[in-house]
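Open your viewer and keep the selection tool at hand. Let's walk through this structure one stop at a time.

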Amino acid sequence: MDIRKEKNEMRAFYKTCRRAISPEDKILRDEKLCRLFLSSVTYRYSHTILAYAPTPREIDVTPIIRQALSDGKTVAFPLCVPETCEMSFHITDTMDLLRTGHYNLKEPPAEAPVYEVKHAAEDH
């Protein structure tokens with residue numbers, strides 16, 4: 001099966017699932033997920049968090065981002081380049097720098113420092 005077709009089918013399926021959740025239930029699920037992640041060993045020992053600015057239908061990970069910034073962790077957000085189908089992560093110390101970009105998603109400015117994934121092993 002073509003990977004793009006499979007990805008699009010999965011994306012459509014999970015969008016349908018998310019739409020079926022009531023707004024109240026979504027808030028409760030999002031809060032629980034954030035609490036679980038923030039209490040995890042993975043979070044505790046992470047130096048860098050790769051995050052996204054959620055759309056209303058996505059899991060609201062804003063509490064994780066705020067806590068990570070408060071804890072002095074490095075937080076990086078994806079920046080999409082549709083012409084090349086590439087994505088890079090850029091470090092910001094506040095969500096206030098994020099602006100609506102491609103695909104109507106909140107993205108960091110292109111001039112923000114790039115998080116080099118090849119250096120991830122050195123962070124540990």
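Start by selecting phenylalanine 37, which is partly exposed at 28% relative accessibility. This is a predicted model, so please read every value here as computed from it. Now add tyrosine 43, a buried residue with a relative accessible area of 5%. The ring centres of phenylalanine 37 and tyrosine 43 lie 5.8 Å apart with their planes at 65°, so this pair is edge-to-face. Keep tyrosine 43 on screen and bring up lysine 73: the charged end of lysine 73 sits over the ring of tyrosine 43, 4.5 Å from the ring's centre.

The structure holds 2 aromatic pairs, and the next selection shows the pair formed by phenylalanine 13 and tyrosine 14. Here the ring centres are 4.9 Å apart and the planes meet at 80°, so phenylalanine 13 and tyrosine 14 are also edge-to-face. Are these two residues buried or partly exposed? Phenylalanine 13 is partly exposed, with a relative accessible area of 47%, and tyrosine 14 is partly exposed too, at 45%.

Next stop: the largest pocket. It holds about 1100 Å³ of space. To find it, select Arg11, Glu58, Met87, Tyr103 and Leu105, which lie nearest the centre among the 25 lining residues. Then colour α1 (3–19), β2 (74–81), β3 (86–91) and β5 (106–107), the elements that each give two or more residues to this lining. Which element gives the most to the lining of the largest pocket? That is α1, with 9 residues. If you colour by class, the lining of the largest pocket shows 12 nonpolar, 2 polar and 11 charged residues.

While you are here, pick out methionine 87, which lies in strand β3. Methionine 87 is exposed, with a relative accessible area of 52%. For a distance check, draw a line from the C-alpha of methionine 87 to that of alanine 110: the two are 23 residues apart in sequence and 11 Å apart in space.

Now move to the second largest pocket, with about 260 Å³ of space. Select Arg18, Ile21, Lys26, Asp30 and Arg57, the closest to its centre of the 13 residues that line it. Both α1 and α2 (23–38) supply at least two residues of this lining. The most comes from α2, with 5 residues. By class, the lining of the second largest pocket has 5 nonpolar, 1 polar and 7 charged residues.

Finish with the cysteines. How many disulfides does a search of the whole structure find? The search finds 0. Select cysteine 34, which is in no disulfide: the nearest cysteine sulfur belongs to cysteine 17 and is 20 Å away. Cysteine 34 counts as buried, at 3% relative accessibility. Then select cysteine 85 together with cysteine 80. Why is there no bond between their sulfurs? The sulfur of cysteine 80 is the closest cysteine sulfur to that of cysteine 85, but the distance is 9.8 Å, too far for a bond, because a disulfide needs the sulfur atoms within 2.5 Å. Cysteine 85 is exposed, with a relative accessible area of 64%.

Definitions and conventions:
Residues numbered from 1 in each chain as written. Predicted model: local features only at pLDDT ≥ 70, side-chain atom pairs only at ≥ 80, totals over all residues. Heavy atoms only, no water. 1 Å grid on protein atoms, 1.4 Å probe; cavity = no way out; pocket = protein on both sides within 12 Å on 5 of 7 lines; lining within 4 Å. Points joined across faces, edges and corners; volume = space filled by probe spheres on them. Helix = DSSP H or I, 4+ residues; strand = E, 2+ residues; numbered from the N terminus. Nonpolar A, V, L, I, M, F, W, Y, C, P; charged D, E, K, R; others polar. Phe/Tyr/Trp six-rings, centres within 6.5 Å; stacked < 30°, edge-to-face > 60°. Buried < 20%, exposed > 50% of the residue type's maximum accessible area, 1.4 Å probe, protein only. Lys NZ or Arg CZ within 6 Å of the ring centre and 35° of its normal.
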